[in-house]
Amino acid sequence: DPQQLELATSSKRRLRRFIVIDEVVDEIYGSKVREYFEENNVQHKILALPTTEETKSMDLVLNILQEVQSFSIDRRMEPIIAIGGGVCLDIVGLAASLYRRRTPYIRVPTTLLSYVDASVGAKNGVNFLQCKNKLGGYTPPVASFLDRSFIQSIPRRHISNGLGEILKMALMKHRGLFDLLKSHGKYLLDTKFQSYSGSADHGDAALQTTRIAIETMLEELAPNLWEDDLDRLVDFGHVISPELEMRVLPSLMHGEAVNIDMAFMTYVAQARGLITAEEKEQIIQCMRGLELPVWHGGCTWPLIKRALMERLKHSGGKLRMPLPTGLGTAEIFNDTSEETLARAYKLWVRD
C-alpha cells in the first residue's frame, strides 16, 4: 500500500519494532541486533525469553502479549519480529495471530532445523497437556529472513538435528538431495553449513542442500497450506515421534525424534516389500553418517501402539502413513497391518 509505505518511511513517524529473541541467541547476537535498530533510529523493545520445548506453553504466549500491549504497536505497520529456533518462531507466531486477531510477524530462524522447517509454512503453536503443538493455528508470517551465518554458532548436535528434517524431504521427494547428504553430510557438519570459496570438491553443498530442502517443502505445503487434505508426505517421521519426543524430554531433540521415527518406518517399508534390504541399509547408513540416532530405548512397542491410536484419532480414522517406496520416492498407506509393524519392530530392535 503506497500510503502505508509513505507513512512508514516518512520522517514524521519514527519506526517502532517489538522483537522476541531466544535468550541463548540474545547472548550471542543481542548486541548486534540492538546496534542495528539504534543505527537505523528504530524505537524498539527486545524481549529475551527461554524458548524450549519445556517452556513452549500458553503462559509464555500470554507473557509476550502483555509486553506487546505495554509497548503498544500498530497492528498494520509494525510487525513483531521473532529471532530464534523453531520453538521461538512457533510461540511468537501464535502470539501474533492472537493479538488483535492477526498482527503481522516476521520469522528469523537461527538454527538449521528452523531454517529449513519452521520458517516455511503457516503453522504455529504451543504444547498443551503434555501433547506436542496441541494448541495453535495457521497464520503465515509476512516474511521469513534466511541467513545461514546464524548457523555457525550452534553446536554440532543441532546441525545434525536439522539434517533430520532435510533427510525427511530427501527420502520423500528428492533422490538428488539424498545423494547430496550421503556425499557431503560430514562436510556440512564440519563446516556448519557455511559457504567457502575454496571448497571446490564439495561445490556449494550448503546452499544446494538448504535450497532443495526448502523448495521441496514449499512444493508439498503450498497447495495444502491449511491441511484440508490430511494425506501429507511431510508427516514422514511425525507418526511416532510426537509421542516419543514428549515422553523422553529433554533427552531427544525434535529432528532426532523424527529420525528415530523415520528409521523405524524404513524397516516397515522393507517389511512391506516397498524397498529392498540394500535401500534400507543405504538409508540407515546415511542417517548414521549425519550423526543422527536410529533407535532409542524409549521407543517401546506399547508407545508405538499408543502413538498409532493417536494418529487414527486425529487423521480422520486413517493411519495415513507416509513410507518410502524407493530412494527419493514415497506414498501414503492406510493398510499396514499390526503383524507387519510388529515384524518390522523386532528387526529394528535386533539391528
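Guide: Helices (H or I, at least four residues) and strands (E, at least two) are DSSP runs, numbered from the N terminus. You're looking at a predicted model, where local features need pLDDT of at least 70, side-chain atom pairs count only at pLDDT 80 or more, and totals for chains, interfaces and linings use all residues. Residues are numbered from 1 along each chain as its sequence is written, and side-chain values use heavy atoms, with hydrogens and water left out.

Visitor: Let's start small, then. Where is the place of Lys-280?

Guide: Leaving aside neighbours within four places in sequence, Lys-280 is in contact (heavy atoms within 4.5 Å) with Thr-266, Tyr-267, Gln-270, Ile-275 and Asp-351. Lys-280 itself sits in a helix covering residues 277-289, and that is helix H11.

Visitor: Is Lys-280 buried or exposed?

Guide: Buried means under 20% relative accessible area, exposed over 50%, and partly exposed in between, using a 1.4 Å probe and protein chains only. Lys-280 has a relative accessible area of 8%, so this residue is buried.

Visitor: Let's zoom out. Which domains does the assignment give?

Guide: The bounds come from an automatic or database domain assignment. Across the boundary, 23 residues of one domain, 13-152, are in contact with 31 residues of the other. The assignment lists domain 1 (13-152) and domain 2 (155-350).

Visitor: How far apart do the C-alpha centres of domain 1 and domain 2 lie?

Guide: The two domains do touch, through 23 residues of domain 1 and 31 of domain 2. Their C-alpha centres are separated by 27 Å.

Visitor: What order do the strands of the open sheet have?

Guide: The open sheet has five strands with parallel pairing; two strands pair if DSSP finds at least two bridges between them. At the edges, each pairing on one side only, are strand E2 (43-49) and strand E7 (143-144). Helix H2 (residues 23-39) packs on this sheet and touches strands E1 (16-22), E2 and E3 (80-84). Read across, the order is E2-E1-E3-E4-E7.

Visitor: Which residue in E7 stands opposite Ile-106?

Guide: Strand E4 (residues 105-109) runs parallel to E7, and two bridges join them. Across from Ile-106 you'll find Ala-143.

Visitor: How many of the residues in E3 are buried?

Guide: Both faces of E3 are covered: Ile-80, Ala-82 and Gly-84 are buried on one side, and Ile-81 and Ile-83 on the other. E3 also has parallel partners, with four bridges to E1 and five to E4. The buried count for E3 is five of five.

Visitor: What is the bridge partner of Val-20 in E3?

Guide: E1 and E3 run parallel. Val-20 has its partner in E3, and that residue is Ala-82.

Visitor: Which helix joins E3 and E4 in a right-handed β-α-β unit?

Guide: A crossover is right-handed if, with the strands pointing away from the viewer, the path from the first strand over the helix to the second runs clockwise. The unit made with E3 and E4 uses residues 86-98, which form helix H4.

Visitor: Where does the largest nonpolar core lie?

Guide: A nonpolar core is a set of buried Ala, Val, Leu, Ile, Met, Phe, Trp, Tyr and Cys residues joined through side-chain atoms within 4.5 Å. The largest one has 70 residues, and Leu-167, Ile-240 and Phe-264 touch the most other members. Helix H10 (residues 254-271) gives the most to this core, with 10 residues. Both domains contribute residues, so the core lies between domain 1 and domain 2.

Visitor: How far apart in space are Met-265 and Ala-344?

Guide: Met-265 has its place in H10, and counts as buried at 1% relative accessibility. Not counting residues up to four places away in sequence, Met-265 touches several residues, including Phe-236, Ile-240 and Leu-323. Met-265 and Ala-344 are 79 residues apart in sequence, while their C-alpha to C-alpha distance is 8.3 Å.

Visitor: Which residues does a cis peptide bond join?

Guide: Look in the loop between helix H9 (241-248) and H10, where Pro-250 has its place. With omega about 0°, the cis bond joins Leu-249 and Pro-250.

Visitor: Is Leu-129 buried or exposed?

Guide: Leu-129 lies in the loop between strand E5 (123-128) and strand E6 (131-138). Although not a glycine, Leu-129 has a positive phi of about 50°. Its relative accessibility is 67%, so Leu-129 counts as exposed.

Note on methods
Axes are lines fitted to C-alpha atoms, for helices over the stretch in contact, and angles run from 0 to 180 degrees between N-to-C directions.
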